[in-house]
Amino acid sequence: MPVITTIDDLKRIYERRVPRMFFDYCESGSWTEQTFRDNSSDFDDIRLRQRVAVDMTGRSTKSQMIGQDVAMPVALAPVGLTGMQHADGEMKAARAAEKFGVPFTLSTMSINSIEDVAGHTEAPFWFQLYTMKDQDYVSRLIQRAKDAKCSALVITLDLQILGQRHKDLKNGLSAPPKLTAKTIANLMTKWAWGIEMLSAKRREFGNIVGHVDGISDASSLGAWTAEQFDPSLDWSKVAKLKEQWGGKVILKGILDADDAKMALKVGADAIVVSNHGGRQLDGALSSIRALPAILDAVGDQVEVHLDSGIRSGQDVLKALSLGAKGTYIGRAFVYGLGAMGQAGVTEALNVIHKELDTTMALCGETNVADLGRHNLLVPEGFEGRWQ
């Protein structure tokens, strides 16, 4: 195994190994990609406060997210098409998360199905739900997640209408890839990926194919999904989904203080400050800039997590120090998965954990629960003076 010291090391291997359309699917945002870029670069504006002559022994990054013990307050975010980044990708990522001791979240738009992941793991995982117009399908999907003993339902709120991602359109993104002259030429340079994919359990959307009438191939699947995201989703529907689930619910896609207050009203167990990794509303604030105002609005009445832009353990520490109780990594673990499969996801988690632990110590803290604003130097006007 090559020496891996940063998430960027994994990204470089990932780019060499995975077909261009799937790399671009991961490493891109909507429209001009301003928000996609800001998600990461805005972390750089926050500085760390070094402290010395502090006993650094006995450090711990252990915490809880929605009452679940975690080795560090980092969950694997729901990422669609993960099983096209590496053969059996969702199952391998879930196993890596389980062994490390952090939550794994399975996307509705996964390649491996709910049942596939449940059959290859022992620890309960979280399931992310996209609300569809086909209410019968949504009800059956929720029941399948219940049957698989999923311990939380993560309802994504910011994908009622799909943001335009130019690279996906230009690449003709599909699962499995459509064999055009362009994709064939690229696939010929990714022979290791191709050989592994030949033995993959699935190469289509496992939570949909076989569970919806009339879906028999990639073309019919594409037409169905393009029409299915529910633009009528509102807070009353969110409340009904929570009631239908009957367990812990995390609402993902909160970027505004008023929406955070509404999430409180419907009884969310946690909210995720997220802009979908910059893949939906381009021009929106980065998640880390939006976090303080949301925390001011809801206080400790609901658990607040942060997603979008995290590429290091220092990013995790900054989010926690601002007040988040948990964080999510998406692209960071996908880089590892695409680079080296399950071992790569484990390596990504190891990198982030080491950075978090070392930075915490150099900031004079020995327990992740003690992190706070006192560990940061936040520039004046960081949240912006918006009218």
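# Reading the labels in a predicted model

Arg289 and Asp42 are both buried. The model is predicted.

Q: What makes the contact between Arg289 and Asp42 a salt bridge?
A: The N to O distance between the two side chains is 2.9 Å. The cut-off is within 4 Å, for a side-chain nitrogen of Lys or Arg and a carboxyl oxygen of Asp or Glu. Therefore the pair counts as a salt bridge.

Q: Why is the pair Arg289 and Asp42 said to link distant parts of the chain?
A: Arg289 lies in helix α14, residues 287-298. Asp42 sits in the loop between α3 and β1. The two are 247 residues apart.

Q: How many salt bridges does a search of the whole structure find?
A: The search finds 16. One of them joins Glu27 to Lys11, with the closest N and O atoms 2.9 Å apart. Glu27 is in the loop between α2 and α3, and Lys11 is in helix α1. The two are 16 residues apart.

Q: Why is Glu27 called buried?
A: Its relative accessibility is 13%. Buried means under 20%, so Glu27 qualifies.

Q: Why is Lys11 called partly exposed?
A: Lys11 has 22% relative accessibility. Buried ends under 20% and exposed begins over 50%, so Lys11 falls in between.

Q: What makes Arg20 and Glu15 a salt bridge?
A: Their closest N and O atoms are 3.1 Å apart. That is within 4 Å, so the pair counts. Glu15 and Arg20 also belong to a network of salt bridges with Asp24.

Q: How do you know that Arg20 is partly exposed?
A: Arg20 has a relative accessibility of 32%. Partly exposed lies between the 20% and 50% cut-offs, so the label fits. Glu15 also counts as partly exposed, at 32%.

Q: Why is Val3 called exposed?
A: Val3 reaches 73% relative accessibility. Exposed means over 50%, so Val3 earns the word. This residue is in the segment before α1. Val3 and Thr57 are 54 residues apart in sequence, and their C-alpha atoms are 27 Å apart in space.

Q: What makes the nonpolar surface patch?
A: Leu179, Ile184 and Met188 make it, with an area of about 350 Å². Ile184 is in helix α9, residues 181-187.

Q: Why can Ile184 be part of a patch while being called partly exposed?
A: Ile184 has 39% relative accessibility. A patch residue needs over 30%, so Ile184 passes that step. Partly exposed runs between 20% and 50%, so that label fits too.

Q: How many disulfides are found in the whole structure?
A: The search finds zero. The test asks for two cysteine sulfur atoms within 2.5 Å. No pair meets it.

Q: Why are Cys26 and Cys150 called buried?
A: Cys26 has a relative accessible area of 6%. Cys150 is at 9%. Buried means under 20%, so both residues qualify.

Q: What makes the open sheet?
A: Eight strands form it, in the order β4-β11-β10-β9-β8-β7-β6-β5. The pairing is parallel.

Q: Why do β4 and β5 stand at the edges?
A: Each has a single partner strand, so one side of each is left without a neighbour in the sheet.

Q: How do you know that β5 pairs with β6?
A: Two bridges join these parallel strands. Pairing takes at least two, so β5 and β6 pair. Leu106 has Phe127 as its bridge partner in β6. The chain goes from β5 through helix α6 to β6 in a right-handed β-α-β crossover.

Q: How do you know that β6 pairs with β7?
A: Four bridges connect them in the parallel sense. At least two are needed, so these strands pair as well. Trp126 is partnered by Ala152 in β7, and Gln128 by Val154.

Q: What makes the right-handed β-α-β unit that includes α7?
A: Strand β6, helix α7 (residues 135-147) and strand β7 make it. In such a crossover the path runs clockwise when the strands point away from the viewer, so the unit is called right-handed.

Q: What makes both faces of β6 count as covered?
A: Trp126 and Gln128 are buried on one side. Phe127 and Leu129 are buried on the other.

Conventions
Residues numbered from 1 in each chain as written. Predicted model: local features only at pLDDT ≥ 70, side-chain atom pairs only at ≥ 80, totals over all residues. Heavy atoms only, no water. Patch = residues over 30% accessible without salt bridge, like charges linked within 9 Å, V, L, I, M, F, W, Y side chains within 5 Å. Areas by Shrake-Rupley, 256 points an atom, 1.4 Å probe, with all protein chains shown as cover. Buried < 20%, exposed > 50% of the residue type's maximum accessible area, 1.4 Å probe, protein only.
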